[in-house]
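User: Could you walk me through this one? I'd like to start with the DNA side and then turn to the two chains.

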2 protein chains.
Amino acid sequence: MTRDDQALKALRASGRRITSQRRKVLQVVEASPRHLDAEAIYLRARENDPQISLATVYRTLAVLKEMGLVEGRFLSRDHPREHFEGADTPEHYHFTCLSCGRITEFRSPRVAEVFEELERERGLSIQHACLCLEGWCDACRAENQASEE
Amino acid sequence: MTRDDQALKALRASGRRITSQRRKVLQVVEASPRHLDAEAIYLRARENDPQISLATVYRTLAVLKEMGLVEGRFLSRDHPREHFEGADTPEHYHFTCLSCGRITEFRSPRVAEVFEELERERGLSIQHACLCLEGWCDACRAENQASEE
DNA sequence: TTCATTGCAAAATTTTTGCATACGA
DNA sequence: TCGTATGCAAAAATTTTGCAATGAA
């Protein structure tokens with residue numbers, strides 16, 4: 001059973017219906033490239049279904065987010081639009097290169113340590129974390145140095 | 001010399017002008033409560049200057065952000081509006097309580113360790129970090145447990 | 001058949017912009 | 001005085017909603 005199937009099953013289980021539009025939005029969100037915003041998802045979904053409307057994409061994303069099947073994130077300060085990705089991937093964080101715009105995902109056990117610290121020392125119960133970094137990636141940094149010489 | 005004075009000086013140094021509106025926006029951003037969005041800043045600024053316009057607040061925030069005097073952040077997934085705070089405070093991160101909405105700031109040297117790891121292992125040069133956590137604060141968690149019994 | 005979901009268009013929200021006027025330096 | 005910055009109102013950009021029609025179960 002694929003991830004999509006599980007998600008669709010969850011939809012049914014909550015009394016909702018499986019429509020071709022929802023299938024398509026899910027497909028787009030789980031495919032690469034990831035981190036698309038609502039409009040980009042709409043454009044990609046429309047490649048397969050020219051009839052789908054932007055309103056439906058927004059409504060579908062809201063439903064999927066509410067059910068925890070999709071995660072919305074703000075990835076950098078210059079892009080004030082929510083980006084979406086499947087919620088089935090393991091916890092990870094994002095780095096956006098200010099030069100080439102590429103998004104790098106990473107994981108680090110040290111982040112979990114921060115959470116444990118906060119739970120222990122402040123009694124916080126952490127449900128969701130968003131660690132969004134901005135800077136220059138290896139390639140762009142090398143390039144910038146070269147052009148400065 | 002206060003923080004405001006330094007900021008105003010920086011404005012002048014960049015060939016910009018110090019206006020009463022800019023003073024007020026700066027004051028509001030640096031005062032508490034922090035983490036206001038553009039409209040909240042507008043409402044507070046208007047208490048002292050009923051003539052100030054929302055457009056000016058947006059334009060001022062853009063200028064201050066561009067100069068690095070103010071930082072904009074998205075603090076939680078349910079509030080897709082940028083929140084602002086003075087850029088003069090030491091690096092810190094945010095936790096938003098999903099129940100009472102209160103924002104808690106915290107610092108942790110472990111976060112810097114994550115950055116060092118990324119710089120060392122992936123060659124990333126990190127310019128800005130946003131760690132936004134969501135969950136329940138100590139008080140709300142206790143309350144929820146009580147009401148579930 | 002039933003009622004959740006859709007597409008469309010209109011509305012609501014949030015942010016930006018054009019332009020004449022005001023005002024800082 | 002000179003040119004930046006402002007206020008206003010209009011526009012742009014983004015997201016939500018009302019409603020009749022569609023289609024999943």
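**DNA strand C and the two chains**

Analyst: H4(B) gives the largest share of the surface near DNA strand C, four residues, where near means that a residue has a heavy atom within 4 Å of the strand. This is a predicted model, in which local features need pLDDT of at least 70 and side-chain atom pairs count only at pLDDT 80 or more, while totals for chains, interfaces and linings use all residues. Residues are numbered from 1 along each chain as its sequence is written, chains are lettered from A and ligands numbered from 1 in the order written, and side-chain values use heavy atoms, leaving out hydrogens and water.

User: Which residues come nearest to strand C?

Analyst: Among the 19 residues around DNA strand C, those that come nearest are A:Gln21, A:Arg22, A:Thr56, B:Arg17 and B:Tyr58.

User: And what does A:Gln21 sit against?

Analyst: An N or O atom in the side chain of A:Gln21 is 2.7 Å from a sugar or linking oxygen of DNA strand C, whereas B:Arg59 has a side-chain N or O atom 3.4 Å from a base oxygen of that strand.

User: Switching topic, how is chain B related to chain A?

Analyst: Chain B is superposed on chain A by a rotation of 180 degrees with 0.0 Å of shift along the axis, at an RMSD of 0.1 Å, using least squares on the C-alpha atoms of residues with pLDDT of at least 70 in both copies. That is the relation of a two-fold axis.

User: Which C-alpha of chain B is nearest the axis?

Analyst: That of B:Leu131, which is 2.2 Å from the axis.

Key:
Polar contact = N/O pair within 3.5 Å; in protein donor to acceptor, adjacent residues only side chain to side chain.
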